[in-house]
Amino acid sequence: MKLLATALGVPALSALAATAACWPIHDGPLAPQLLISGLILTTGICAGLPACFTWLSHEQEHPPMPHHLPTILTTPPRRRLGHQTLVLNRDGAVLLVATAYRNGLTLPGGSAEANELPHLAARRHTETETGLVLPLRHILATDYVDARTLPEGINFVYWGGTLTSAQETTVARHRPPATITAVHWLHPHQLADAMPPDQHRRTLHALTALTRGIHLPFLLRGTPAE
């Protein structure tokens, strides 16, 4: 509101000052003084109001953070956010990747970068590792991981869908980066022998949610993600 008062007040004061300055110059009708004052007032308001409206709209989208917020909200602890994608082929097999830095197979995915939207992080990793570009709008599972060798984190498993034959061909022809050493299709009963225990449990829960039709929509400020 301070900016709004300035946008209106400064031109008004300038117009009054111009009227006072021009008053002794002309002894006839007041038309010249009023014309000059009106021009100054109109020009100043027209110049100031657009900036004021821009500021107000910005404030509405990003309201200032209250000063009384607790420290846990203003400086939260460091946490990793992991984003993986569950993808099936037409036979019900799960798409898994082998990495150069981890034992066992995992779902495609990885960590989000700073200020990266979560579902776009999952989409980016999935495309890099498998060549698939998928609309990831639903979450099948969330998995909290306590701090051991890495900072504590939360992992999200997104539903990538059942692939068409053309999409399966895309995966077969894709050349992933050096960090991805192989891509596999395994049926659910084969996962326990191929995946680390925590990854296996996470994937099984995602598959169970899928079977039961439990899809949580991924939202951005209350709006479904595109």
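**A tour from strand β5**

Begin with strands β5 and β6, which are paired in the antiparallel sense through 6 bridges. The model on display is a predicted one. Select β5 as residues 138-145 and β6 as residues 153-162. Within this pairing, isoleucine 139 of the first strand stands opposite tyrosine 158 in β6.

Next, add strand β8, residues 216-217, which runs antiparallel to β5 and is joined to β5 by 2 bridges. Select histidine 138 and look for its bridge partner in β8, which is proline 217.

Remain on β5 and select alanine 141, which lies in this strand. Is alanine 141 buried or exposed? Its relative accessibility is 13%, and because the cut-off for a buried residue is under 20%, alanine 141 counts as buried. Display its surroundings: leaving aside residues up to four places away in sequence, alanine 141 touches Asn155, Phe156, Val157, Arg202 and Ala206. Now select alanine 209 as well. The two alanines, 141 and 209, are 68 residues apart in sequence, yet their C-alpha atoms lie 7.5 Å apart in space.

The next stop is the largest nonpolar core, which has 18 residues. Select Leu86, Leu88, Val94, Leu96 and Leu191, the members that touch the most other members. At least two residues of this core come from each of β1, β2, β5, β6, α6 (191-194) and α7. Centre the view on leucine 86. With residues up to four places away in sequence not counted, its contacts include Val94, Leu107, Leu140, Val157, Trp159, Ala206 and Leu210. A second core, separate from this one, holds 13 residues, among them Leu95, Ala122, Tyr158 and Phe218.

Turn then to the largest pocket, which contains about 960 Å³ of space. Which residues lie nearest its centre? Select Arg80, Arg102, Asp198, Gln199 and Arg202; these lie nearest the centre, and the lining as a whole comprises 37 residues. Elements giving two or more residues to this lining are β1 (80-88), β2 (94-99), β4 (109-111), α4 (118-130), β5 and α7 (197-211). Colour the lining by residue class to see 11 nonpolar, 17 polar and 9 charged residues.

Finally, return to the whole protein, which has 7 helices and 10 strands. Of its 226 residues, 32% count as buried. Among contacts between residues at least 6 apart in sequence, 70% join residues at least 24 apart.

Notes
Residues are numbered from 1 along each chain as its sequence is written. This is a predicted model: local features need pLDDT of at least 70, side-chain atom pairs count only at pLDDT 80 or more; totals for chains, interfaces and linings use all residues. Side-chain values use heavy atoms; hydrogens and water are left out. On a 1 Å grid over the protein atoms alone, a cavity is a set of points where a 1.4 Å probe fits but cannot get out, and a pocket is an open set with protein on both sides within 12 Å along at least five of seven lines; lining residues have an atom within 4 Å of a point. Grid points are joined across faces, edges and corners, and a volume is the space filled by probe spheres set on the points. Helices (H or I, at least four residues) and strands (E, at least two) are DSSP runs, numbered from the N terminus. Ala, Val, Leu, Ile, Met, Phe, Trp, Tyr, Cys and Pro count as nonpolar, Asp, Glu, Lys and Arg as charged, and the others, Gly among them, as polar. A nonpolar core is a set of buried Ala, Val, Leu, Ile, Met, Phe, Trp, Tyr and Cys residues joined through side-chain atoms within 4.5 Å. Buried means under 20% relative accessible area, exposed over 50%, partly exposed in between (1.4 Å probe, protein chains only). Contact means heavy atoms within 4.5 Å. Two strands pair if DSSP finds at least two bridges between them.
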